[in-house]
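User: I've got a fold to look through and would like to go over it piece by piece. Can you take my questions as they come?

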Amino acid sequence: MPARYSKTPENPTKSVCAKGSNLRVHFKNTRETAQAIKGMKLRKAQKYLKDVMEKKQAVPFRRYNGGIGRKAQGKMHPCHNGQAGWPKKSAEFLLNLLKNAEANAEVKGLDLDLLKIVHVQVNRAPKMRRRTYRAHGRIGPYMTSPSHIELILTEKEEDVKKPDPKSKAGSTQTAVSSGTEVKKIAN
């Protein structure tokens, strides 16, 4: 049975998908990292995630930012009070998913330089339970917060600029000068 995605791409022949389920990586960190790469081209996203792993660039924490300290690298991303971090494990998992999507694109024969991340979704997976030992003989929960991640990349065509209306070839233009109309034919 093929994997189901929450969104179907507009043009399936020009799109590739990658998905990971029940991944042992923190949901909140992964969500913030995924939002940081959303809308990027494939090569730029791979470079960004490698820089995050080497602490050259930081991931802005916008929603799940309780207890996240402010970093100097956080100033590069506006509107979040400088709260940023370097979630290495989340970056590794997303980099592996991008690598999988890249392989899928090669099989489909798509141009890797034109691939853009159009959809990223991170969901909470069922928590995994362990135990920790507390004072007075009690036992407390020791849970993990795994994630489901899905990516959709689409090959975007180069944007074509709208031509100048003055440089149209073969069209007729009218010009008004001192109240009389004069027809000009542009070549």
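Analyst: What follows is a run of questions and answers on this predicted model.

User: Let's start with the overall layout. How many helices and strands does the chain have?
Analyst: Reading from the N terminus, the elements go β-α-α-β-β-α-β-β-β-β-β-β. Put as a tally, the secondary structure comes to three helices and nine strands.

User: And what share of the contacts between residues at least 6 apart in sequence joins residues at least 24 apart?
Analyst: For context, the chain has 187 residues, and 34% of them are buried. Of the contacts between residues at least 6 apart in sequence, the share joining residues at least 24 apart is 65%.

User: On to helix 1. Is it mostly covered or mostly open, and how many of its residues are buried?
Analyst: The buried residues of helix 1 are Phe-27, Thr-30, Arg-31, Glu-32, Thr-33, Ala-34, Ala-36 and Ile-37. They pack against helix 2, strand 2 (59-60), helix 3 (88-108), strand 4 (115-124) and strand 7 (147-155). So helix 1 is mostly covered, since being buried takes under 20% relative accessible area and the count is eight of eleven residues.

User: Which residue just after helix 1 has a positive phi?
Analyst: Helix 1 covers residues 27-37 and helix 2 covers residues 42-53. Just past the end of helix 1, a phi of about 90° turns up at Gly-39.

User: How do helix 1 and helix 2 sit against each other: parallel, antiparallel, perpendicular or oblique?
Analyst: Their axes are 10 Å apart and the packing angle is about 140°. Roughly antiparallel would need an angle over 145 degrees. That makes helix 1, relative to helix 2, oblique.

User: Which residues of helix 2 does helix 1 meet there?
Analyst: The crossing of helix 1 past helix 2 is right-handed. By class, the contact has five nonpolar residues, one polar and no charged ones. From helix 1 come Thr-33, Ala-36 and Ile-37, and on the helix 2 side they meet Ala-45, Tyr-48 and Leu-49.

User: Thr-33 caught my eye. Is it buried or exposed?
Analyst: Thr-33 is found in helix 1. Not counting neighbours within four places in sequence, Thr-33 touches Leu-49, Val-59, Pro-87, Ser-90, Ala-91 and Leu-94. Its relative accessibility is 0%, so Thr-33 counts as buried.

User: What's the C-alpha separation between Thr-33 and Ser-90?
Analyst: Ser-90 is among the contacts of Thr-33. The two are 57 residues apart along the chain, yet their C-alpha atoms are separated by 6.9 Å.

User: How do helix 2 and helix 3 run relative to each other?
Analyst: The axes of helix 2 and helix 3 are 9 Å apart, and the packing angle is about 155°. The cut-off for roughly antiparallel is over 145 degrees. That makes helix 2, set against helix 3, roughly antiparallel.

User: How many charged residues are in that contact between helix 2 and helix 3?
Analyst: The crossing of helix 2 past helix 3 is left-handed. Residues from helix 2 in the contact include Arg-43 and Lys-50, and those from helix 3 include Lys-88, Glu-92, Lys-99 and Glu-102. Alongside nine nonpolar residues and one polar, the charged residues number six.

User: Now the sheet of three strands. Which strands stand at its edges?
Analyst: This open sheet has the order 1-7-4, with antiparallel pairing. A strand with a single partner has one side left without a neighbour in the sheet, so the edges are strand 1 (15-23) and strand 4.

User: Which residue in strand 7 is opposite Gly-20?
Analyst: Strand 1 and strand 7 run antiparallel and are joined by seven bridges. Opposite Gly-20 stands Ile-149.

User: At what angle does helix 3 run to strand 1?
Analyst: Helix 3 lies across strand 1, strand 4 and strand 7. Its direction relative to strand 1 is about 145°.

User: Last one: which residue takes a positive phi in the hairpin of strand 5 and strand 6?
Analyst: Strand 5 (residues 128-133) and strand 6 (residues 139-144) run antiparallel, joined by six bridges. Within that pairing, Arg-130 stands opposite Tyr-142. The hairpin has five residues between the strands, and the positive phi, near 60°, belongs to His-136.

Technical notes:
Residues numbered from 1 in each chain as written. Predicted model: local features only at pLDDT ≥ 70, side-chain atom pairs only at ≥ 80, totals over all residues. Heavy atoms only, no water. Axes fitted to C-alpha atoms, helices over the stretch in contact; angles between N-to-C directions. Helix = DSSP H or I, 4+ residues; strand = E, 2+ residues; numbered from the N terminus. Parallel < 35°, antiparallel > 145°, perpendicular 65-115°, else oblique. Left-handed = near helix turned anticlockwise from the far one by under 90°. Contact = heavy atoms within 4.5 Å. Nonpolar A, V, L, I, M, F, W, Y, C, P; charged D, E, K, R; others polar. Buried < 20%, exposed > 50% of the residue type's maximum accessible area, 1.4 Å probe, protein only. Pairing = 2+ DSSP bridges.
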